[in-house]
Amino acid sequence: MSAAGTTAASVPLLEARDISASYGHVQALKPTSLHIAEGELVTILGPNGAGKTTLMRALTRLTASMGSVFFRGEDISGLPTHKLARRGIVMVQEGRGLFPQMSVRENLIIGAYLHAAEAEAQMGTVFELFPRLRERIDQIAGSLSGGEQQMLAIGRALMAKPQLLMLDEPSLGLAPRVAFEILSTLSELNRRGIGILLVEQKAPLALKLARRVYVISLGKIVAELKTDEIKSYHDLARYYLH
Ligand SMILES: Nc1ncnc2c1ncn2[C@@H]1O[C@H](COP(=O)(O)OP(=O)(O)OP(=O)(O)O)[C@@H](O)[C@H]1O
Ligand SMILES: [Mg+2]
């Protein structure tokens with residue numbers, strides 16, 4: 001025990017205190033607090049327009065935000081996105097943000113800009129997780145299927161060797177089987193020790209993956225639930241009704 005009464009193990013991987021964000025005069029994210037424990041996979045559920053993307057962008061400073069964010073106990077509030085990446089906080093954005101005219105390999109190499117010397121080894125890890133990317137290594141990203149593009153977006157994020165991976169609806173627009181495949185890979189990454197914060201609108205998938213879920217509605221977290229305490233989806237439905 002330290003003087004503050006906490007052990008190293010109890011320091012969260014990420015903790016946000018009263019983080020908020022506005023677009024002009026509209027506060028899309030009201031002061032919100034959350035945490036992700038070391039080695040945890042947490043999902044954020046909520047209806048369209050609830051503020052899920054804004055929350056992820058506020059945490060990674062892609063959107064200007066107020067409030068405090070701590071990474072392993074260290075105050076990282078106000079650090080720009082690229083400095084967060086150096087600490088191991090990496091986000092896979094909604095829409096994937098790939099370079100469509102570049103090959104699979106080139107997109108991956110760009111992701112390794114922080115660890116260029118280890119790019120080949122890291123690419124091996126990505127191909128082990130997503131063998132389909134190895135088969136398509138010279139194909140341009142824009143001609144990949146939606147599922148393959150999502151695999152590439154996650155693969156590119158992995159090239160930055162994240163400690164905390166944030167993903168904004170990686171299953172969006174994908175067939176159920178492909179979505180399941182991708183989300184299963186996130187479970188595997190989490191088993192390997194990477195903390196994961198996942199925005200996922202498909203409640204059955206979100207509940208299957210995570211042991212803890214935050215529900216966000218109208219710009220604020222309205223519930224924090226342990227998934228093993230959720231008996232039916234009706235328990236969640238009330239949070240979706242404004
Ligand atoms: N760049 C922007 N300028 C103005 N308003 C915005 C901007 N981006 C988002 N908003 C608004 O902020 C609110 C939250 O949007 P956000 O994209 O965070 O929701 P979301 O939960 O991710 O929704 P979805 O499930 O549709 O992805 C919405 O009302 C949206 O219209
Ligand atoms: Mg969104």
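User: How many salt bridges does the structure hold?

Analyst: The structure, a predicted model, holds 15 salt bridges.

User: What makes Arg-87 and Glu-74 a salt bridge?

Analyst: The closest N and O atoms of Arg-87 and Glu-74 are 2.7 Å apart. The cut-off is 4 Å between a side-chain nitrogen of Lys or Arg and a carboxyl oxygen of Asp or Glu, so the pair qualifies. Arg-87 sits in helix α2 and Glu-74 in strand β5 (residues 74-75), 13 residues apart.

User: Why is Arg-87 called partly exposed?

Analyst: Its relative accessibility is 32%. Partly exposed covers what lies between under 20% (buried) and over 50% (exposed), so Arg-87 falls in that class. Glu-74, at 44%, is partly exposed as well.

User: Is Arg-212 buried or exposed, and what value decides that?

Analyst: Arg-212 has 6% relative accessibility. Buried means under 20%, so Arg-212 counts as buried. Its salt-bridge partner is Glu-224, at 2.8 Å from N to O. Arg-212 lies in strand β9 (residues 212-217) and Glu-224 in strand β10 (residues 220-226), so the salt bridge ties together parts twelve residues apart in sequence. Glu-224 has a relative accessible area of 46% and is therefore partly exposed.

User: How do you know that Glu-128 and Arg-192 form a salt bridge?

Analyst: Their side chains meet at 2.7 Å, N to O, and the limit is 4 Å. Glu-128 is partly exposed at 48%, and Arg-192 is partly exposed at 40%. Glu-128 lies in helix α4 (residues 119-129) and Arg-192 in the loop between α7 and β8 (195-199), so the pair joins parts 64 residues apart in sequence.

User: Which residues supply the most of the area that domain 1 buries against domain 2?

Analyst: The area buried between domain 1 and domain 2 is about 1300 Å², with 70% of it from carbon and sulfur atoms. Pro-162, Ile-182 and Arg-192 supply 32% of the area on the domain 1 side, more than any other three residues.

User: How many salt bridges and polar contacts are counted between the two domains?

Analyst: Two salt bridges are counted between domain 1 and domain 2, and two residue pairs are in polar contact. On the domain 1 side, α7 gives the most, with seven residues. By class, that side has eleven nonpolar, one polar and four charged residues.

User: Why is Thr-185 in helix α7 called buried?

Analyst: Thr-185 has 9% relative accessibility, and the buried class is under 20%, so Thr-185 counts as buried. Leaving aside neighbours within four places in sequence, Thr-185 is in contact with Leu-129 and Phe-130.

How values were computed
Residues are numbered from 1 along each chain as its sequence is written. Chains are lettered from A and ligands numbered from 1 in the order in which they are written. This is a predicted model: local features need pLDDT of at least 70, side-chain atom pairs count only at pLDDT 80 or more; totals for chains, interfaces and linings use all residues. Side-chain values use heavy atoms; hydrogens and water are left out. Buried means under 20% relative accessible area, exposed over 50%, partly exposed in between (1.4 Å probe, protein chains only). Contact means heavy atoms within 4.5 Å. Buried area is the accessible area (1.4 Å probe) that two parts lose on being put together, summed over both. A polar contact is a pair of N or O atoms within 3.5 Å; within protein, one must be able to donate a hydrogen and the other to accept it, and residues adjacent in sequence count only if both atoms are side-chain atoms. Helices (H or I, at least four residues) and strands (E, at least two) are DSSP runs, numbered from the N terminus. Ala, Val, Leu, Ile, Met, Phe, Trp, Tyr, Cys and Pro count as nonpolar, Asp, Glu, Lys and Arg as charged, and the others, Gly among them, as polar.
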